[in-house]
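User: Please pick one part of this structure and take me through it up close. I'm a first-year student, so keep it informal and explain the terms as you go.

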Amino acid sequence: QGALAIHLALGQLTSAEIAQISAIVLLDDPAKTGDGREERLGTATGTAPGIYTKKVAKTQMPNELSSRTVSWCNQFDIVCAPGIGSNSIPHTSYSDTELATLGRWAADEIQP
């Protein structure tokens, strides 16, 4: 899970390293929290925690990166919105249009 690797790596960075990050894009984020301040796209409820958050530990996005982060999670995705009715189909069904939206968001953050 790339999104989980990003969350864990961010906790290891210095303030100077964090300042160099222009944009963060998270897809199917297992470390999604219900109280995150990043921009959230997709059909999952904003308060749904990811599977890593539910079962292992809560990770916190550095405050200064919240406004430069977008997270996309669709309802019933077993990884980023686990719960009753969740399964693997939404997790493997993100469309090219959804992915292109994330790419455009990141490009706009890097060069508005």
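Analyst: Let's start with how the pieces get their names: helices (H or I, at least four residues) and strands (E, at least two) are DSSP runs, numbered from the N terminus. This is a predicted model, in which local features need pLDDT of at least 70 and side-chain atom pairs count only at pLDDT 80 or more, while totals for chains, interfaces and linings use all residues. Residues are numbered from 1 along each chain as its sequence is written, and side-chain values use heavy atoms, with hydrogens and water left out.

Our part is strand 3 and what surrounds it, and E38 is a handy way in. E38 sits in the loop between strand 1 and strand 2. Is E38 buried or exposed? Those words have cut-offs: buried means under 20% relative accessible area, exposed means over 50%, and partly exposed is in between (1.4 Å probe, protein chains only). E38 counts as buried because its relative accessible area is 9%.

Who does E38 meet? Contact here means heavy atoms within 4.5 Å. Setting aside neighbours within four places in sequence, E38 is in contact with S66, T69 and S71. The C-alpha atoms of E38 and S66 are 4.6 Å apart, although 28 residues separate the two along the chain.

E38 also has a charged partner. A salt bridge is a side-chain nitrogen of Lys or Arg within 4 Å of a carboxyl oxygen of Asp or Glu. E38 makes one with R40, with 3.1 Å between the closest N and O atoms. R40 is partly exposed, because its relative accessibility is 23%.

How many salt bridges does the structure hold? There are 2. D35 and K58 also meet this way through their side chains, at 2.8 Å from N to O. That pair links distant parts of the chain, 23 residues apart: D35 is in the loop between strand 1 and strand 2 (39-41), and K58 is in the loop between helix 3 (51-55) and strand 3. D35 is partly exposed at 42% relative accessible area, and K58 is partly exposed too, at 48%.

Now for strand 3 itself. Two strands pair if DSSP finds at least two bridges between them. Strand 1 and strand 3 (residues 69-72) pair in the parallel sense over 4 bridges. One bridge partner to look for is W72 in strand 3, which goes with L27.

Have a look at the side chains of strand 1 while you're there. In a regular strand the side chains alternate between the two faces of the sheet. Along strand 1 (residues 24-27), I24 and L26 point to one face and are buried, while V25 and L27 point to the other and are not.

W72 deserves a longer stop. W72 counts as buried, because its relative accessibility is 10%. Not counting residues up to four places away in sequence, W72 touches L26, L27, D28, L41, G42, Y94, E98, T101 and L102.

What does W72 belong to? A nonpolar core is a set of buried Ala, Val, Leu, Ile, Met, Phe, Trp, Tyr and Cys residues joined through side-chain atoms within 4.5 Å. The largest one has 11 residues, including V70, W72, Y94 and L102. Strand 3 and helix 5 (96-110) are the elements that give two or more residues to this core. Helix 5 supplies the largest share, 3 residues. A second, separate core of 7 residues includes A3, L10, I18 and L26. So L26, which W72 touches, turns up in that separate core.

C73 and C80 belong to the largest core as well, and they are also joined by a disulfide, S to S 2.0 Å. A disulfide is a pair of cysteine sulfur atoms within 2.5 Å, and a search of the whole structure finds 1. The torsion about the S-S bond of C73 and C80 is about 90 degrees, so the disulfide is right-handed. Both cysteines are buried: C73 has a relative accessible area of 3%, and C80 has a relative accessibility of 0%.

To recap, strand 3 pairs with strand 1, and strand 3 gives two or more residues to the largest nonpolar core.
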